[in-house]
Amino acid sequence: MTLDHVASPTMQAYVYRRYGGPDVVELADVPKPVPRANEVLVRIKATTVTSGDWRVRTLCVPKGLVLVARLAFGITRPRQPIMGSELAGTIEAIGKDVTRFRVGDDVFGFPGGAMGCHAQYRAMAEDGGLARKPANLSFEESASLSFGGSTSLHFLRKADIKAGDKVLVVGASGGVGSAMVQLAKHFGAEVTGVASTANLALVASLGADRVIDYTRQDFASQGGSYDIVVDTVGATSFARGKNVLRDGGRLLAVAAGMPEMLAVLWAPLTGSRRVIAGPAEERPADVRQLAELAESGALKPVIDRRYRFAQMADAHAYVETGRKRGSVVVSVEHPR
Ligand SMILES: NC(=O)c1ccc[n+]([C@@H]2O[C@H](COP(=O)([O-])OP(=O)(O)OC[C@H]3O[C@@H](n4cnc5c(N)ncnc54)[C@H](OP(=O)(O)O)[C@@H]3O)[C@@H](O)[C@H]2O)c1
């Protein structure tokens with residue numbers, strides 16, 4: 001037999017070839033990645049299904065952004081067939097130039113928009129969004145740190161959060177909101193969380209000083225004078241949010257559509273309040289900071305449901321409800 005006939009190693013991964021519902025996700029055998037000189041190969045033990053996976057699977061994106069989304073993710077069909085932006089696992093192999101990690105290290109990683117984590121293996125650059133797994137967290141918890149965590153770090157940094165700031169988080173129970181509440185508290189803010197009745201206790205347990213039940217009270221009619229209003233839901237236009245922002249306050253439109261993107265430009269022309277919107281930067285340094293914050297106990301991942309690898313479509317269907325609390329985790333089995 002010549003080398004041409006030796007099958008290259010494969011792995012199992014969930015792929016999608018067209019945009020649509022949870023049923024477009026199919027289990028397939030695909031080539032197992034081979035790490036380049038500066039990369040490590042992670043044997044994935046846990047991954048997540050996030051609101052980002054739901055958006056790239058359905059192209060259900062905020063108002064006015066469908067064309068942008070098609071340009072980013074594939075005009076007629078997905079360019080990256082394997083979703084999943086977060087992983088945790090163990091390093092199985094390293095490239096020849098890798099110095100920061102060794103085979104056998106437990107790590108978590110955030111390829112972010114490059115995705116590719118709904119698989120048994122993923123190669124990651126050693127200086128990419130990769131950090132040692134916090135010793136006090138499980139693989140499932142570590143896999144849940146980055147999506148909400150790095151989004152929150154990005155927006156709070158852009159807002160120049162300071163100790164003593166009054167912060168309102170709308171959607172405080174979600175993947176982003178649950179990290180936002182904890183990180184805003186860590187930076188010394190006084191935090192009010194907006195959530196549904198069933199999630200008020202969770203948000204208080206994350207450290208919120210006050211909670212507002214949006215099913216009973218409209219935060220915008222409550223008055224208030226916040227330094228920062230974070231909207232992770234897309235429920236707050238600038239016109240609405242500015243009623244509760246003090247002079248110089250910032251609206252962080254995490255789930256911004258075109259109207260909020262435009263408000264980034266015109267809000268400064270109309271007064272001292274600002275809108276901050278757009279995709280969060282994906283910085284390797286943030287992933288390392290999240291590891292430290294988790295290790296110190298300042299950031300505790302919230303896990304809603306856990307699924308097995310075989311139940312990936314069920315995990316997608318649950319995330320699509322838009323009602324999850326924190327993260328949805330999928331454990332990745334390696335039967336062979
Ligand atoms: N800009 C960026 O780079 C970036 C990065 C990450 C995520 N995002 C976007 O941020 C958004 C949130 O993501 P996520 O992962 O946190 O979503 P998620 O985990 O699905 O969370 C949504 C949460 O919001 C709650 N909620 C729904 N309606 C609400 C309302 N009117 N007021 C308050 N809470 C409400 C839901 O619980 P109940 O229904 O029980 O209230 C749920 O817990 C998504 O649109 C995502 O695309 C943007």
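Helices, such as the one considered here before the glycine that follows it, are DSSP runs of at least four residues, numbered from the N terminus. The model described is a predicted one. Helix α5 is followed by Gly 188, a residue whose phi is positive, near 90°. The helix itself covers residues 175-186, and its twelve residues reach 17 Å from the first C-alpha to the last, close to the 16 Å expected at 1.5 Å a residue. Most of α5 is covered, with ten of its twelve residues buried; among them are Gly 175, Val 176, Met 180, Val 181, Leu 183 and Ala 184. The elements that cover these buried residues include the helices α4 (146-158), α6 (200-205) and α9 (284-295), together with the strands β8 (166-170), β9 (190-195) and β11 (226-231).

Positive phi values are also found in residues other than glycine. Most residues other than glycine have a negative phi. Leu 59, although it is not a glycine, has a positive phi of about 60°, and this residue lies in the loop between α1 (51-58) and α2 (66-73). Because its relative accessibility is 8%, Leu 59 counts as buried. Met 115, found in the loop between β5 and β6, likewise has a positive phi, near 55°. With a relative accessible area of 5%, Met 115 is buried.

The ligand is surrounded by 26 residues, of which the closest are Arg 55, Ser 173, Tyr 214, Ala 280 and Lys 324. Polar atoms of the protein approach oxygen atoms of the ligand from both side chains and backbone. In the case of Tyr 214, a polar side-chain atom lies 2.6 Å from an oxygen atom of the ligand, and for Lys 324 a backbone N or O atom lies 2.6 Å from an oxygen atom of the ligand. The side chain of Arg 323 contributes an N or O atom that is 2.7 Å from an oxygen atom of the ligand.

A buried acidic residue is found in the loop between β6 (121-125) and β7 (130-132), where Glu 126 lies. Glu 126 has no salt bridge, and the nearest side chain of opposite charge, that of Arg 100, is 5.0 Å away. Because a salt bridge requires a side-chain nitrogen of Lys or Arg within 4 Å of a carboxyl oxygen of Asp or Glu, the separation of 5.0 Å between Glu 126 and Arg 100 does not qualify. The backbone of Arg 100 is nevertheless involved, as its nitrogen lies 2.8 Å from a polar atom of the Glu 126 side chain. Beyond its neighbours within four places in sequence, Glu 126 is in contact with Asn 38, Glu 39 and Val 40, and also with Asp 97, Val 98, Thr 99, Arg 100 and Phe 101.

One of these contacting residues, Asp 97, is joined through its side chain to that of Lys 96 by a polar contact of 3.3 Å. Lys 96 is found in the loop between β4 (87-94) and β5 (106-109), and it counts as exposed because its relative accessibility is 71%. The C-alpha atoms of Lys 96 and Val 68 are separated by 38 Å, the two residues being 28 residues apart along the chain.

Side chains of opposite charge can pair when their charged atoms come close, and the structure holds 17 salt bridges. In one of them, the side chains of Glu 92 and Lys 32 meet with an N to O distance of 3.0 Å. This pair links distant parts of the chain, 60 residues apart, with Glu 92 in strand β4 and Lys 32 in the loop between β2 (26-31) and β3 (39-49). Glu 92 is partly exposed at 30% relative accessibility, and Lys 32 is partly exposed with a relative accessible area of 22%.

Glu 39, another residue in contact with Glu 126, forms a salt bridge with Arg 36, the closest N and O atoms being 3.4 Å apart. Within this pair, Glu 39 is buried, with a relative accessible area of 12%, whereas Arg 36 counts as exposed at 59% relative accessibility. A further salt bridge, of 3.2 Å from N to O, is formed by the side chains of Arg 273 and Asp 247. Here too distant parts of the chain are linked, since Arg 273 lies in the loop between α8 (258-270) and β13 (274-277) and Asp 247 in strand β12 (residues 245-253), 26 residues apart. Finally, Arg 157, Glu 281, Arg 283 and Asp 286 are linked in a network of salt bridges.

How values were computed. Residues are numbered from 1 along each chain as its sequence is written. This is a predicted model: local features need pLDDT of at least 70, side-chain atom pairs count only at pLDDT 80 or more; totals for chains, interfaces and linings use all residues. Side-chain values use heavy atoms; hydrogens and water are left out. Helices (H or I, at least four residues) and strands (E, at least two) are DSSP runs, numbered from the N terminus. Buried means under 20% relative accessible area, exposed over 50%, partly exposed in between (1.4 Å probe, protein chains only). Lys and Arg count as positive and Asp and Glu as negative; His and the chain ends are not counted. A polar contact is a pair of N or O atoms within 3.5 Å; within protein, one must be able to donate a hydrogen and the other to accept it, and residues adjacent in sequence count only if both atoms are side-chain atoms. Contact means heavy atoms within 4.5 Å. The expected span of a helix is 1.5 Å times one less than its number of residues. A residue is near a molecule or strand if one of its heavy atoms lies within 4 Å of it.
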